[in-house]
Amino acid sequence: MTHASETTNAMDGGTSRVTHAGGAPHAGQVPSAGRASHEGHPLLSTAGLPSWLDPVVHAAETVQPLQLSRFLPPESGAGRQSAVLILFGEGDQGPEMLLMERAGSLRSHAGQPSFPGGALDPEDGDPQGEGPLRAALREAEEETGLDPGGVQLFAELPRLFIPVSDFVVTPVLGWWRTPTPVGVVDPNETARVFTVPVADLTDPENRATAVHPSGHHGPAFLVESALVWGFTAGVIDRILHFAGWERPWDRSRQVPLDWRA
């Protein structure tokens, strides 16, 4: 995606936290089984997910659009339809998420971490149906080289809008059931592909508030030698919050951005 600089401004007031008895997820938990596929979306299934993803599934089923962002798709239907893949896997340090970093030579949003994703193509199908699901997998394969056959899509979050780029973004949640090698496919577009342990994302020491010269404030994560901010950080922040994984952190700790961001 080319819109990592746009902050998802969450409306924290009045939202309820989804609690998870085990706290933040960790490796080695027994997978759940027997959950049915989502009606109307054969590409979505929660069957056999690891139990630590239960609160994410519940959050995706219950979260309201304005609990994620104050920027929602225009009622007119305008906007460029797009999708991102929020892929959860399990690595040596437990549950993790897949991210990529844009090439530093790009004219816009150079060097910014983001989810794999991009605009829907006609062959992806209906934007109001399974188009975003197919686009998220296709873009992830094109950008990171992952095998989509090893990914189990299990939920969609409400569509969000990014006014500056006119993108209507569907965040698609996936479980990396069968991990495959990933890496930079096109160095002109992507600098690196990496995973971040969820434990690092929830660590208060790795959290801060990004401050743009325009006045925008939003959550940020300092992980894997990268500053994750903007749209990507906003979505991660909301997932951690509504899954009950968020730990108290110092919101007064600020990271300044410059006008090139």
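A nonpolar core is taken here as a set of buried Ala, Val, Leu, Ile, Met, Phe, Trp, Tyr and Cys residues joined through side-chain atoms within 4.5 Å. The model analysed is a predicted one. Its largest nonpolar core holds 42 residues. Within this core, the members that touch the most others are Ile 86, Phe 88, Phe 154, Leu 157 and Leu 173. Helix α5 (residues 230–242) supplies the largest share of the core, seven residues. A separate core of 18 residues lies apart from it, including Leu 85, Ala 140, Val 151 and Leu 153. In soluble globular proteins, nonpolar side chains tend to be buried together.

The surroundings of Ile 86 were examined with neighbours within four places in sequence left aside. Contacts are found with Met 97, Phe 115, Leu 157, Pro 171, Val 172, Leu 173 and Gly 174. Val 235 and Ile 239 are also in contact with Ile 86.

Strand β9 spans residues 207–211. Five of its five residues are buried, so the strand is largely enclosed by the rest of the structure. In a regular strand the side chains alternate between the two faces of the sheet. Both faces of β9 are covered. Arg 207, Thr 209 and Val 211 are buried on one side, Ala 208 and Ala 210 on the other.

Strand β9 pairs with β10 and with β12. Five bridges link β9 to β10 (residues 217–223), and the two strands run antiparallel. Ala 208 has Ala 220 of β10 as its bridge partner. The two strands form a hairpin with five residues between them. In the turn, Gly 215 has a positive phi of about 110 degrees. Three bridges join β9 to β12 (residues 254–256), here in parallel. Pro 256 of β12 is the bridge partner of Val 211.

Technical notes. Residues numbered from 1 in each chain as written. Predicted model: local features only at pLDDT ≥ 70, side-chain atom pairs only at ≥ 80, totals over all residues. Heavy atoms only, no water. Buried < 20%, exposed > 50% of the residue type's maximum accessible area, 1.4 Å probe, protein only. Helix = DSSP H or I, 4+ residues; strand = E, 2+ residues; numbered from the N terminus. Pairing = 2+ DSSP bridges. Contact = heavy atoms within 4.5 Å.
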